[in-house]
Amino acid sequence: MTTLALIDQLTRWWDEFSLAKQIFYGIALTAGLVSLILMVMAVFGMEHDDAVDALTSGGDVGHDGGGIFSVKPLTGFFLGFGWIGGFSLGRGAEVWLAVVLGCMAGGAMMALIVFMFRAILGIRSDGTARIEDAVGAVGTVYVTLPPAKAGGGQVTVTFRGRQETYGALQAGEQAVPSGEKVKVVSLIDARTVLVERL
């Protein structure tokens, strides 16, 4: 089949639709095209800046996975609205009922997309090592810890599946040599922990 023949067949197929069905399917096809573009951009690492997200999140784009009125959920809404609305008309539904069903499907699609993106971002943040999470973890002395909370020592601590190296202090009267096991008991600052010998 040549390209012209395919275009002619698609045109005749489209002309068979009523105006209402063309509007529904037109919305669905446009939303599908936008979704495809967003998907391709994501695959090639070209995440778009979501202007609507910026408006609803004080300019911090994507800080919480995007609001419900960001591009992706809205695209999902119009995708569900268009296809279900057009399908409902094809099954003999009145236009008002097709609009209602389309809105319900679009709302469900919108909620699903928001849930999925927030879940994905939640998984990403769960993998982020925060020094607060090191409290209670067992580590190994990397650089000898001087006595009486003197600085200069370091420990390596494994927690949340990651190994981190922090500056460390210990309150004992004797130095703790490299290779000794210690336990993180509290935080000193953003890169230093207080440990005790095990």
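How accessible is arginine 130, and does this residue count as buried, partly exposed or exposed? Its relative accessibility is 37%, so arginine 130 counts as partly exposed. The views below come from a predicted model, and this residue returns in the third of them.

**View 1. A closed barrel built from five strands.** Welcome to the barrel, whose strands follow the order β1-β2-β3-β5-β4 and pair in a mixed fashion. Averaged over neighbouring strands, and with direction ignored, the turn of one against the next is 50°. Strand β1 covers residues 138-143 and runs antiparallel to β2, residues 153-159, with four bridges joining the two. In this pairing, glycine 139 faces valine 157 of β2. β1 is also joined to β4, residues 181-189, again in the antiparallel sense, here by three bridges. Look for threonine 140, which stands opposite lysine 181 of β4. As a reminder, the strands of a sheet pair through backbone hydrogen bonds, either parallel or antiparallel.

**View 2. The β4-β5 hairpin.** Follow β4 onward and you come to strand β5, residues 192-197, which pairs with β4 antiparallel over six bridges. Two residues separate β4 from β5 in this hairpin. A handy landmark is leucine 187, set opposite valine 193 of β5.

**View 3. Arginine 130 and aspartate 133.** Here is the residue from the opening question. The side chain of arginine 130 meets that of aspartate 133 in a salt bridge, with 3.6 Å from N to O. Side chains of opposite charge can pair when their charged atoms come close. Aspartate 133 has a relative accessible area of 26% and is therefore partly exposed, while arginine 130, at 37%, is also classed as partly exposed. Aspartate 133 sits in the loop that leads from α5 (95-126) to β1. Once neighbours within four places in sequence are set aside, the contacts of aspartate 133 are Phe159 and Arg160. You can also look across to valine 184: its C-alpha is 10.0 Å from that of aspartate 133, although their positions lie 51 residues apart in sequence numbering.

**View 4. Arginine 197 and glutamate 180.** This view brings together a strand residue and a loop residue. Arginine 197 and glutamate 180 form a salt bridge, their closest N and O atoms lying 3.4 Å apart. Arginine 197 belongs to strand β5 and glutamate 180 to the loop between β3 (162-170) and β4, so the pair ties together parts that are 17 residues apart in sequence. Arginine 197 is partly exposed, at a relative accessible area of 42%. Glutamate 180 likewise counts as partly exposed, with a relative accessibility of 28%.

**View 5. A salt bridge within helix α1.** Aspartate 8 and arginine 12 pair through their side chains in a salt bridge, 3.2 Å from N to O. Both residues belong to helix α1 (residues 3-15), where the four residues from one to the other amount to about one turn of the helix. Aspartate 8 is partly exposed at 40% relative accessibility, and arginine 12 is partly exposed with a relative accessible area of 49%. The count of salt bridges in the model comes to three.

**View 6. Glutamine 22 in helix α2.** Now turn to helix α2 (residues 19-43), the home of glutamine 22. Is glutamine 22 buried or exposed? Buried means under 20% relative accessible area, and with a value of 19% glutamine 22 is therefore buried. A polar atom of its side chain lies 3.0 Å from the backbone oxygen of tryptophan 14. Beyond neighbours within four places in sequence, glutamine 22 is in contact with Trp14, Asp15 and Phe17.

**View 7. Threonine 156 among its neighbours in strand β2.** Back in the barrel, threonine 156 is part of strand β2. Its relative accessibility is 15%, so threonine 156 counts as buried. Which residues does threonine 156 touch, not counting those up to four places away in sequence? They are Gly139, Thr140, Tyr142, Gln163, Glu164 and Thr165. You have met Gly139 in the first view, where glycine 139 stands opposite valine 157, and Thr140 too, where threonine 140 stands opposite lysine 181.

Conventions. Residues are numbered from 1 along each chain as its sequence is written. This is a predicted model: local features need pLDDT of at least 70, side-chain atom pairs count only at pLDDT 80 or more; totals for chains, interfaces and linings use all residues. Side-chain values use heavy atoms; hydrogens and water are left out. Two strands pair if DSSP finds at least two bridges between them. Axes are lines fitted to C-alpha atoms, for helices over the stretch in contact, and angles run from 0 to 180 degrees between N-to-C directions. Buried means under 20% relative accessible area, exposed over 50%, partly exposed in between (1.4 Å probe, protein chains only). A polar contact is a pair of N or O atoms within 3.5 Å; within protein, one must be able to donate a hydrogen and the other to accept it, and residues adjacent in sequence count only if both atoms are side-chain atoms. Contact means heavy atoms within 4.5 Å. A salt bridge is a side-chain nitrogen of Lys or Arg within 4 Å of a carboxyl oxygen of Asp or Glu.
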